[in-house]
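Visitor: Could you walk me through the pockets of this protein and the ligand it holds? I'd like to know how each label is earned.

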Amino acid sequence: MNYRHAFHAGNFADVVKHLALSAVILHLRRKEKAFCAIDTHAAAALYDLEGAQALRTGEAKTGIGRLRGLSGTDLPEALAAYLDCVRQEGEGRYPGSPRIAARLLRPQDRLVAIEKLPEDAAALRSALSEFRNVRVVEGDGYERLPGLLPPAERRGVILIDPPYEADDEFERAVELLAGAHRRFATGIYLLWFPIKFKGTADAFCGEVRTRVPASMSRLDIDLGRPAESEKERLSAAGLLVVNPPFGFEDEMNAATAILSALLGRSAEQPATIKFAAA
Ligand SMILES: C[S@@+](CC[C@H](N)C(=O)[O-])C[C@H]1O[C@@H](n2cnc3c(N)ncnc32)[C@H](O)[C@@H]1O
């Protein structure tokens with residue numbers, strides 16, 4: 001395993017993924033009843049944006065860095081909540097998905113965060129130590145998730161965010177989601193995926209739709225044609241949301257209407273962030 005999220009933390013794809021996670025958790029908080037959040041591929045949870053890894057790629061600068069000026073009471077609720085989580089970390093630091101979830105938990109809710117890489121699992125444990133109702137599992141998310149479902153609360157969100165390093169990781173992600181959904185059909189699932197070729201991404205989403213009998217939304221973010229020097233870098237990604245909460249697409253559209261201009265390559269080339277049919 002070579003993937004280290006510290007190189008990519010706070011990039012355009014993280015912004016949209018973490019915004020969606022915040023929107024889902026805010027929805028779960030609307031009912032008093034407790035919920036459980038599970039992060040199958042949690043990574044380190046807290047990132048130094050002035051550190052060597054972040055500076056080497058500069059990805060955070062064109063991601064969360066572009067949102068620094070956003071404020072005001074008229075921001076969509078999910079966007080305001082997400083930005084609040086980021087600001088609470090202080091200048092130059094960025095929270096990963098488990099730390100965002102931990103910040104948004106109420107006393108009755110809980111989080112299980114799984115990370116396989118020992119070094120990142122140790123960082124994760126340290127980054128989450130100040131929060132209550134959080135369990136860190138050093139282990140394999142593919143192996144551990146089935147045993148956690150259904151959660152005792154019977155309400156919850158599961159983020160599946162693999163690094164897609166291995167050739168079979170798309171297939172494993174589909175398998176994981178399909179099995180999880182059989183155990184916990186009413187759960188809300190967020191499955192992140194990179195888009196290198198649109199056809200491959202469409203086939204992947206088609207496979208998920210075939211294997212998972214549930215309502216689903218697909219949100220894509222595309223930065224458009226990269227400059228020659230940026231060709232190796234990811235420029236599009238997607239998120240499949242299984243059992244999206246009522247109003248989720250409207251809430252995301254309100255937020256992404258603000259973000260597309262900010263995350264774009266230039267004023268003339270805004271990012272395309274939209275719900276896709278496939
Ligand atoms: C894309 S990162 C996760 C980012 C995080 N969810 C966030 O949004 O802040 C993927 C993480 O999965 C970890 N990982 C790789 N294979 C794993 C496995 N089988 N089970 C659990 N974690 C794994 C990697 O070490 C890496 O830290």
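**Pockets and ligand**

Guide: Let's start with α1, which gives the most to the lining of the largest pocket, with 5 residues. Bear in mind that this is a predicted model, where local features need pLDDT of at least 70, side-chain atom pairs count only at pLDDT 80 or more, and totals for chains, interfaces and linings use all residues. Residues are numbered from 1 along each chain as its sequence is written, and side-chain values use heavy atoms, with hydrogens and water left out.

Visitor: Why is α1 called a helix?

Guide: Helices are DSSP runs of H or I with at least four residues, strands are runs of E with at least two, and both are numbered from the N terminus. α1 spans 12–28, so it carries a helix label under that rule.

Visitor: What makes a space a pocket?

Guide: On a 1 Å grid over the protein atoms alone, a pocket is an open set of points with protein on both sides within 12 Å along at least five of seven lines; lining residues have an atom within 4 Å of a point. The largest pocket is lined by 48 residues, and Y3, P162, P163, Y164 and E165 lie nearest its centre. Its volume, meaning the space filled by probe spheres set on the points, is about 1,100 Å³.

Visitor: Where is the ligand?

Guide: The ligand takes up the space of the largest pocket. A molecule sits in a pocket if more than half of its atoms lie within 2 Å of the grid points.

Visitor: Which residues come nearest to the ligand?

Guide: Among the 22 residues around it, those are H18, S97, E115, G141 and D161. A residue counts as near if one of its heavy atoms lies within 4 Å.

Visitor: Why is the pairing of D161 with the ligand called a polar contact?

Guide: A polar contact is a pair of N or O atoms within 3.5 Å. A polar side-chain atom of D161 lies 2.8 Å from a nitrogen atom of the ligand, so this pair qualifies. With D140, a side-chain N or O atom is 3.2 Å from a ligand nitrogen, and for a polar backbone atom of K116 the distance is 3.3 Å. Taken alone the ligand exposes 610 Å² (Shrake-Rupley method, 1.4 Å probe), and the protein buries 97% of that.

Visitor: How big is the second largest pocket?

Guide: It has a volume of about 460 Å³. β8 gives the most to its lining, with 4 residues.

Definitions and conventions
A polar contact is a pair of N or O atoms within 3.5 Å; within protein, one must be able to donate a hydrogen and the other to accept it, and residues adjacent in sequence count only if both atoms are side-chain atoms. On a 1 Å grid over the protein atoms alone, a cavity is a set of points where a 1.4 Å probe fits but cannot get out, and a pocket is an open set with protein on both sides within 12 Å along at least five of seven lines; lining residues have an atom within 4 Å of a point.
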